[in-house]
Amino acid sequence: MLIDLKKLDRENILSTDEWESIKNKDKDEFIKNKEKLLFKLYESQVKEKESFSKFLQRIFLDQYLELKKYANEKGIKIFGDLPFYVNLNSRDLIENKKYFLLDSDGEPTYQAAVPPDAFQKKGQLWGTPVYNWENLEKDGFSYWVEKIKSLSLLYDYLRIDHFRGLESYYRVKWKAEDATDGEWVKAPGDKLLNLLTQISGVKIIAENLGYITPEVDYLMEKYSIPGMKVLQFIDEDLYLKNEKSDTVYYTGTHDNQMLLSWIREKFNPEEELEKDLLWDFIKKVYYSRAAWAIIPFQDLLELDNSARMNTPGTVNGNWTWTWNGNFEELSELENKLNKLTKISDRR
């Protein structure tokens, strides 16, 4: 979906009609036609044995690195995200089985989970295998080190999801029906972070939302790793300026509802005041002491949950929102953000 066809060498490969076939189509038909054209390009260019998936990955990586170079030259940093666990059928697990807790048949013995709390009485099952930290440590954490080194080529900053799992993690039996009967297990995060924070080219951010133990705070402080704060999760006075300076502050992340809908739900304001409140909260994030202020594009466009990116715990209907406007429509917003950036000293 993200490969730019205009950048490909398509002379004498695809006819004008074929290129026209991908325009003005619905999403499913667009994907189908685009894949068909890319496969034709693959057949015409790849002489040696290389799978189609690797061909697409190579094209995408070349185009992405070109984009990253351009962005960096303009002073723009790329912020990446690393899921903590991997799927059972992932290449990570298939090629590194000794680094996961598996039985003699290759089946997981445990799965990652979240214990019961006030919101979910039976906890959460994540359905992902857990790491064999003993084997990881024996091999000098090479699996994690090589992964972070690879990602350092793609991103300037890297958020590690479920960061607390580096200190301790919660697991239940692989075939458990819920997360009530589980256990917390210590992980050698101190030793691992000692290696990861020495890798040049990437700065780590911790996803430290939810209940975080003093041990996790200690690791973040020891290795100078910034954490996160989300406006929609704050229960105390929303206007207190008590944010830490080493924080990435969001109005909401990809997992939250849009700020406008959150305001409607939490405050039930008069309709004519909704957008004023929205910008009050955006300004609160900008004026905070946090080192980074991040506002989802949908919030800047003053959109409601019809533009929501993702709803946790659901499978369908996510990651489908796209912006259908044009950049000329953003001139007023550009001026507004430019002024806010200067006033809040976020130059």
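In this predicted model, R159 and D81 form a salt bridge, and their closest N and O atoms are 2.4 Å apart. The contact links distant parts of the chain: R159 belongs to strand β4, residues 157-160, D81 belongs to strand β1, residues 79-82, and these positions lie 78 residues apart in numbering. R159 is buried, at 8% relative accessible area, whereas D81 is partly exposed, at 37%. The assignment for R159 follows because buried means under 20% relative accessible area.

This pair does not stand alone: salt bridges with shared partners join D81, R159 and D161 into one network. In total, the structure holds 17 salt bridges. I shall describe two others.

D190 forms a salt bridge with K222, with 3.1 Å between the closest N and O atoms. Here helix α7, residues 189-196, contributes D190, and helix α8, residues 214-222, contributes K222; the two residues are 32 apart in the chain. D190 is partly exposed at 26% relative accessibility, and K222 is partly exposed at 41%.

K275 and E302 meet through their side chains at 3.5 Å, N to O. K275 is in helix α10 and E302 is in the loop between α11 and α12, so this salt bridge ties together parts 27 residues apart in sequence.

I turn now to a sheet. Three strands form an open sheet in the order β8-β9-β10, with parallel pairing. β8 (227-230) and β10 (292-294) are the edge strands, each with a single partner, so one side of each has no neighbour in the sheet. On average, neighbouring strands are turned by 25° against each other, direction ignored. Four bridges connect β8 with β9, residues 247-250, and M228 has V248 in β9 as its bridge partner.

How values were computed
Residues numbered from 1 in each chain as written. Predicted model: local features only at pLDDT ≥ 70, side-chain atom pairs only at ≥ 80, totals over all residues. Heavy atoms only, no water. Pairing = 2+ DSSP bridges. Axes fitted to C-alpha atoms, helices over the stretch in contact; angles between N-to-C directions. Salt bridge = Lys/Arg side-chain N within 4 Å of Asp/Glu carboxyl O. Buried < 20%, exposed > 50% of the residue type's maximum accessible area, 1.4 Å probe, protein only.
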